[in-house]
Amino acid sequence: MNANSVTTVSDKAQLKKAMIKVVSDKFGIPIDKVDTRALFIEELGADSLDMVEMMVFIEEALGVIVPESKVGDCISIDKTVEVLLPFIEERRSDVCSKAS
């Protein structure tokens, strides 16, 4: 995934699939075993550095910036998708308006 993925990761299902891959890679969990409701810290054993690294990767990959006030809401894949969707839609709108 790279910054140009913003136009392809445009809906909730695709974003969730991408997040499952990130979590699978980051925590060494087989993709088919990733629970999108699992809490990153409490259930997957993430620490604050893991969370920062994951958010930086996501922001760079999607070309979005998640305000610090929203980062704390990213406690699971499902919650992270909810947080990211508005920023992805905003980014996609910006990209589309610049293209026209």
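Trainee: Among contacts between residues at least 6 apart in sequence, what share joins residues at least 24 apart?

Mentor: Keep in mind that this is a predicted model. We take the contacts in the protein between residues at least 6 apart in sequence, then ask which of them join residues at least 24 apart. That share comes to 58%.

Trainee: And what pattern does the protein follow along the sequence?

Mentor: Start with the tally: the secondary structure comes to four helices and zero strands. Read along the sequence, then, the pattern is α-α-α-α.

Trainee: How much of the protein counts as buried?

Mentor: On the outside, the protein exposes about 6000 Å², and carbon and sulfur atoms supply 54% of that area. For burial we go residue by residue, over the 100 residues of the protein. The part that counts as buried is 39%.

Trainee: OK, the largest nonpolar core. Which helix gives the most to it?

Mentor: That core has 25 residues, and L15, M19, F40, M54, I77 and L84 touch the most other members. Helices α1 (12-27), α2 (48-62) and α4 each supply at least two residues of this core. The top contributor, with seven residues, is α4.

Trainee: Is L84 buried or exposed?

Mentor: L84 lies in helix α4, which covers residues 77-99. Leaving aside neighbours within four places in sequence, L84 is in contact with L15, M19, I58, L62, V64 and V66. Its relative accessible area is 0%, and the cut-off for buried is under 20%, so L84 is buried.

Trainee: How does P86 count, then?

Mentor: P86 also lies in helix α4. P86 and V66 are 20 residues apart in sequence and 10.0 Å apart in space, C-alpha to C-alpha. The relative accessibility of P86 is 48%, between the 20% and 50% cut-offs, so P86 counts as partly exposed.

Trainee: Where do the buried residues of α2 sit around the axis?

Mentor: The buried residues of α2 are D50, M51, M54, M55, I58, E59, A61 and L62. They cover an arc of only 165 degrees around the axis, so they sit on the same side of α2.

Trainee: Which residues are exposed on the other side of α2?

Mentor: First, the helix itself: α2 has 15 residues and reaches 21 Å from its first C-alpha to its last, close to the 21 Å expected at 1.5 Å a residue. On the side away from the buried set, the exposed residues are L49, V52 and E60.

Trainee: Which residue takes a positive phi just after α2?

Mentor: Look at both ends of α2. At the start, a side-chain oxygen of D47 reaches to within 3.1 Å of the backbone nitrogen of L49. Just after α2, the phi is about 70 degrees, and the residue that takes it is G63.

Trainee: One from the loop between α1 and α2: is T36 buried or exposed?

Mentor: T36 lies in that loop between α1 and α2. Not counting neighbours within four places in sequence, T36 is in contact with K16, I20, S76, I77 and D78. At 15% relative accessibility, T36 falls under the 20% cut-off, so T36 counts as buried.

Key: Residues are numbered from 1 along each chain as its sequence is written. This is a predicted model: local features need pLDDT of at least 70, side-chain atom pairs count only at pLDDT 80 or more; totals for chains, interfaces and linings use all residues. Side-chain values use heavy atoms; hydrogens and water are left out. Buried means under 20% relative accessible area, exposed over 50%, partly exposed in between (1.4 Å probe, protein chains only). Contact means heavy atoms within 4.5 Å. Accessible areas come from the Shrake-Rupley method with a 1.4 Å probe; for residues, only the protein chains shown count as cover. A nonpolar core is a set of buried Ala, Val, Leu, Ile, Met, Phe, Trp, Tyr and Cys residues joined through side-chain atoms within 4.5 Å. The expected span of a helix is 1.5 Å times one less than its number of residues. The arc is that of the directions from the helix axis to the C-beta atoms. A polar contact is a pair of N or O atoms within 3.5 Å; within protein, one must be able to donate a hydrogen and the other to accept it, and residues adjacent in sequence count only if both atoms are side-chain atoms.
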